[in-house]
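Take a moment to look over the model below. Then follow the text from one contact surface to the next.

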There are 2 protein chains.
Amino acid sequence: MEKHPVTIKDIARQLNISVSTVSRALRNVADINPDTKKAVLELASRLNYEPNIMAQSLVRRSTRIIGVIVPAIHSHYFSQALSGMTDVANENNYYLMFCQSNETYVQEVSSMKKLLACNVDGLLVSVSKETKDPTEFRRVKEKGVPIVMFDRILPDFPCNRVIVDEYEGAFKAVEHLIKKGCRRIVHIAGPEGLSISENRLRGYVDALGKHRLPVDEKLILRCKAFEEDALPLIRKVARLRPLPDGIFAINDRTAVLAMKYFHSHGIAVPADIRIVGFNDDPISEVVEPSLTTVMQPGYEVGKLAMGILIDEICKAPKAEQTFRLKTRLMIRNSSR
Amino acid sequence: MEKHPVTIKDIARQLNISVSTVSRALRNVADINPDTKKAVLELASRLNYEPNIMAQSLVRRSTRIIGVIVPAIHSHYFSQALSGMTDVANENNYYLMFCQSNETYVQEVSSMKKLLACNVDGLLVSVSKETKDPTEFRRVKEKGVPIVMFDRILPDFPCNRVIVDEYEGAFKAVEHLIKKGCRRIVHIAGPEGLSISENRLRGYVDALGKHRLPVDEKLILRCKAFEEDALPLIRKVARLRPLPDGIFAINDRTAVLAMKYFHSHGIAVPADIRIVGFNDDPISEVVEPSLTTVMQPGYEVGKLAMGILIDEICKAPKAEQTFRLKTRLMIRNSSR
DNA sequence: TTTTTTTCCGGCAACGTTACCGGAAACGTT
DNA sequence: AACGTTTCCGGTAACGTTGCCGGAAAAAAA
């Protein structure tokens, strides 16, 4: 074991030809005798030759590696997106390197440095909840490495983007509550400054506006993290008088947390209060009562983002676009 | 933009010294004047120099890239494991390339080929449900690329392994049911031949044996896939007479499926039938009644597997071991 | 036949880095 | 002063591959 992997030189030596001829035979280039080509290909497959990607990328200045940075690899939504990316990357003969920021800006930047050192051909990023400053991303772009942002984008940083239409999703969710008769609807919002938080909040506000309901600041509660600090907010909601009759939560975990809390405190869902979440996590189908929620097509977001990035790598630069995928309101029992 | 990234040569030119001197200054080697070293380091950081990993790996014959193959990136358990791996890899300055087999042998092998072409320093594999044949893995090992298998291992292929003690987990789960008074316990088992299926089955059988309960073949039902074909089996269970009084399911999704089915068919859980699952997916906490299940430490499995692989890459080969992480029985309402 | 064109191949340099070797200069020793 | 030692540096080859160029041999045209 530990033999040298077979190289182009080995083939050249055995066939008594030069390395450049072998190289040409292995690729689809003219200037090669069909017979030699056949001989080379045969020997190559017999020896189980695999080209050395490192050497290739060194001379080609392109690695076919794409770097991906997400806040957390575990997380139903992101792991679905990663899955979509992987499938598309595979089809197109690209390699993927994954990093997670664990929701910190520091890890995000250090991951980016590492990926750049690997000469990635492109970057797929969903920013951490701490990230506000686009300068690091600008630097990368100036080096000529294309970036596509997905889901959690940075408003100040122009680039191709793939997001779900969270505004519309939120709007539909809140409108659904209104149609069910809710008049005092709480929004448990996400961390400030994050695009997804703001979009969902806007959807909430506009839906109220459309139906001429007042926007009461006291009914808008902000999480700092995503789930960790939701419980105190939920307690606050339960103590509000009169009790709100609807909740639109930033995500399913928060919504479920609220449902569990209400259940153990004698507040009935949906009779006393209706609840809608966001994400369509597996838990939403399973919780009792099942949770109405906004489905985001994570797998599709991943596929699309990867597709766009690959396009940007290969072809001439087009105008930067923002692609919005539609959400779907999954109506279940928590709002019936 | 699209400027050449700064190389060791640029530094050498600007400082009027040779590339080898720069190279030495950048690394921790003797044979370098402290002053020159300082000058080089300063200029390097001023120019934002990053060494080209491709070039380094070409000459060092080591890429610091580790390939990971799992059946599915989405999946609560695997995404947790990947998360653990990523964190450990990062700490140790390794890069990760992820592939998913989508539970097919073909994709698994093609992923492996691709990763090898990238000259990965090691491989972390959890095999697909189709995989029986160890020859491809043997080949890799003969090339000197270390493999650590985790979770879904291949019995015929000797290597370092990290698994959870599924036997003990299953044993405890079934024993728990017995202690709650169950006497006719069904096992909804996983696909045949998979290590995890077999280990859990053995735990089931042995727990029955220990408590002198008969093993009834009619109470052991096999899934072919994991969840897709579970429903017919559950129907079968519901039609059994006398009705079984306990179920040990291969995973939480199957268990929840069963609970939902029973609920809509007037069978009470846990009064008529007690249920235990496997995995501790988020859904198990949330379902009504909450699901008793066997917790597997996915994140820890990932961390440990990566740690062992890195050890194997760096140090002299030690005897191959199988590391078993303990599970924990999470007792909830579905078995009370 | 000679000339032109085509076909095919080998040599060389390059990609960015490291490893090895040899040697100049500075220092220390007797 | 002559010698050995140490310190530090530059040159060169190599890692595996591709791209360019020049040229020999074969084929086509004159």
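The paragraphs below deal with the protein chains and then with a DNA strand. Keep in mind that this is a predicted model.

Start where the two chains meet. Here 51 residues of chain A are in contact with 51 residues of chain B. Together the chains bury about 4600 Å². Carbon and sulfur atoms give 57% of that area. Three residues stand out on chain A: A:Met54, A:Lys114 and A:Val286 supply 15% of the area that chain A buries against chain B, more than any other three residues.

What holds for charges and polar groups here? Between chain A and chain B there are zero salt bridges. There are, however, 14 residue pairs in polar contact. Several elements of chain A each supply at least two residues to this side, among them helix 4 (53-60), strand 2 (95-100) and helix 12 (282-286). Helix 5 of chain A gives the largest share, seven residues. By class, the side of chain A that touches chain B has 21 nonpolar, 17 polar and 13 charged residues.

Now turn to DNA strand D. It is surrounded by 26 residues, and the closest include A:Arg27, A:Tyr49 and B:Thr21. Which parts of the strand come within 4 Å of the protein? Sugar and phosphate account for 68% of those atoms.

Look at single residues next. A polar side-chain atom of A:Arg27 lies 2.4 Å from a phosphate oxygen of DNA strand D. For A:Lys9, the distance to a phosphate oxygen is 3.2 Å. B:Asp31 instead has a polar side-chain atom 3.2 Å from a base nitrogen. Helix 4 of chain A supplies the largest share of the surface near the strand, four residues.

Note on methods: Residues numbered from 1 in each chain as written. Chains lettered and ligands numbered in written order. Predicted model: local features only at pLDDT ≥ 70, side-chain atom pairs only at ≥ 80, totals over all residues. Heavy atoms only, no water. Contact = heavy atoms within 4.5 Å. Buried area = accessible area lost by both parts, 1.4 Å probe. Salt bridge = Lys/Arg side-chain N within 4 Å of Asp/Glu carboxyl O. Polar contact = N/O pair within 3.5 Å; in protein donor to acceptor, adjacent residues only side chain to side chain. Nonpolar A, V, L, I, M, F, W, Y, C, P; charged D, E, K, R; others polar. Near = heavy atom within 4 Å.
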